[in-house]
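Trainee: I would like to take a close look at one part of this model, and I would be grateful for a careful, connected explanation.

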Amino acid sequence: MSSDSLAIYVHIPFCTKHCAYCDFNTYVEQAQSRIVSDTVEAICTDIRHTSQTLSPEQASRPITSIFFGGGTPTFLSGEQITRVLQTLYDTFVIAPDAEISSEANPTSSDAEKFAQMREAGFNRLSVGVQAFQDPILIALDRFHTANEAERTLQTAQAAGFDNVNLDLMFGLPKQRLSDWEESLHRAIALQTNHLSLYALTLEAGTRFERLYAGGKLDLPGEDAEVEMYERAIELLTEQGFEHYEVSNFARKGYQSRHNRVYWENREYLGFGAGAVSYLAGRRWKRERLPTQYVRKVKAGADLAVESESLDAAGTLGETMMLGLRLREGISLSVLQERFGIEPLSYFAEIIADLIQRGWMIHHHDTLKLTHTGLLLANEAVSAFLAE
């Protein structure tokens, strides 16, 4: 990823229903409600207005990845979602080989919509499947069946999407190791080129968090969760997938370019309610509520509700925390050149501790997590934010 490039994230905050585990900035709406069309209009206005506030140098930087997330981007009509993408094309310099992705849910996607999106320039889909067992999907509050998920993948491929990611979750209620293995095998059989595998986390304010607190949610234990994760690594590696990030696996040439922007702590612009931008050392978040976001865009008001600026040392620590999630590790010389700080000296105590624990290795110019460190990745990498 060229350091002079930019990425763009577009947040579509609407869903048909809430899932039991989800704490994202999402709102249940009817597809034809006024707030949905108003939000699409506001996003397009936000894109145009933001481009006018950038310096000529910033505005001319090539956009090498675009990601529509949510919520459920395919909750929008084909015309709405392609209109937002066309606004980006009309406003920014989109690289000819840019990766242009959208999340999709099986029940909000069909052949006509996928065809419209493919023609408009989308070239990658990330489909939220989560599991291939209907009882588990019901427990998650998902509103598709395993067979519907399979048909969605096949429909996407028929529409010309050869770059398709599939999200799966483990450590779920009622989920056994055999269920997890079945989900992995079915995903592989669908010839997807990228898999994102996430352990269930109990986020504050979710239905699952409330059920667990009340003793009404039976989850696999920590040992069972680790066994599922290690089995996935073993199985997918055997099938030719590269385990390139803690939670992500790809066939050769299909790593997520957009997600690498985040893991390498590179710059990006975010549009839509609650979207985050990171540019020129400043990170800021837009108004979360769609109604407030629409109102502020119409008024030409400042959309930022949270903002922070990190110094070089703080940004270095954050970059190490994110970069160590990559299985290739981080280049110490690249970080020193980028931030003007020698990482081995600045983080000497933390690095020595992680190496002593067996969580990290230092080889030539590279720092990376060991297999044990991978299993405890969140704890291991968070140490670099303590400075």
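Trainee: Is Lys-296 buried or exposed, and what is its relative accessible area?

Mentor: Please keep in mind from the start that this is a predicted model. Lys-296 is buried, because its relative accessible area is 15%, and buried here means under 20%. The partner of Lys-296 is Glu-287, with which Lys-296 forms a salt bridge whose closest N and O atoms are 3.2 Å apart. Glu-287 also counts as buried, since its relative accessibility is 11%. Side chains of opposite charge can pair when their charged atoms come close.

To set this pair in context, it helps to look at other salt bridges in the model, for which the count comes to 18. In one of them the side chains of Asp-141 and Arg-207 meet, with 3.1 Å from N to O. This pair links distant parts of the chain, as Asp-141 is in the loop between helix H5 (134-139) and helix H6 (146-158), whereas Arg-207 is in helix H8 (residues 207-213), and the two residues are 66 residues apart. Asp-141 counts as buried because its relative accessibility is 16%, while Arg-207 is partly exposed, with a relative accessible area of 31%.

Another salt bridge joins the side chains of Arg-176 and Asp-179, at 3.0 Å from N to O. Here Arg-176 counts as exposed, at 53% relative accessibility, but Asp-179 is buried, with a relative accessible area of 8%. Salt bridges can also be linked into a network, and Glu-150, Glu-182 and Arg-186 are linked in this way.

A charged residue that also deserves attention is Arg-260, whose place is in helix H10 (residues 257-263). Arg-260 counts as buried, because its relative accessibility is 15%. If residues up to four places away in sequence are not counted, Arg-260 touches Tyr-244, Gln-255, Leu-326 and Glu-328.

From single side chains we can turn to whole helices. Two packed helices are described by the angle between their axes and the distance between the axes. Helix H12 (residues 312-323) packs with helix H13 (residues 332-339) at an angle of about 155°, and their axes are 10 Å apart. Angles over 145 degrees count as roughly antiparallel, and H12 and H13 are therefore roughly antiparallel to each other. The crossing of these two helices, H12 and H13, is right-handed. On the H12 side the contact is made by Ala-312, Thr-315, Leu-316, Thr-319 and Met-320, which meet Leu-335, Arg-338 and Phe-339 in H13. Sorted by class, the contact of H12 with H13 has five nonpolar, two polar and one charged residues.

Helix H1 (residues 34-53) and helix H3 (residues 78-91) offer another case, for they pack at an angle of about 10°, with their axes 10 Å apart. That angle makes H1 roughly parallel to H3. Among the residues of H1 in this contact are Val-36, Val-40, Ile-43 and Ile-47, and the residues they and others in H1 meet in H3 include Val-84 and Leu-88. The residues of the contact of H1 with H3 divide into seven nonpolar, five polar and three charged.

To come back to your residue, Lys-296 is buried, and its salt-bridge partner is Glu-287.

Key
Residues are numbered from 1 along each chain as its sequence is written. This is a predicted model: local features need pLDDT of at least 70, side-chain atom pairs count only at pLDDT 80 or more; totals for chains, interfaces and linings use all residues. Side-chain values use heavy atoms; hydrogens and water are left out. Axes are lines fitted to C-alpha atoms, for helices over the stretch in contact, and angles run from 0 to 180 degrees between N-to-C directions. Helices (H or I, at least four residues) and strands (E, at least two) are DSSP runs, numbered from the N terminus. Angles under 35 degrees count as roughly parallel, over 145 as roughly antiparallel, 65 to 115 as roughly perpendicular and the rest as oblique. A crossing is left-handed if the near helix is turned anticlockwise from the far one by less than a right angle, and right-handed if clockwise. Contact means heavy atoms within 4.5 Å. Ala, Val, Leu, Ile, Met, Phe, Trp, Tyr, Cys and Pro count as nonpolar, Asp, Glu, Lys and Arg as charged, and the others, Gly among them, as polar. Buried means under 20% relative accessible area, exposed over 50%, partly exposed in between (1.4 Å probe, protein chains only). A salt bridge is a side-chain nitrogen of Lys or Arg within 4 Å of a carboxyl oxygen of Asp or Glu.
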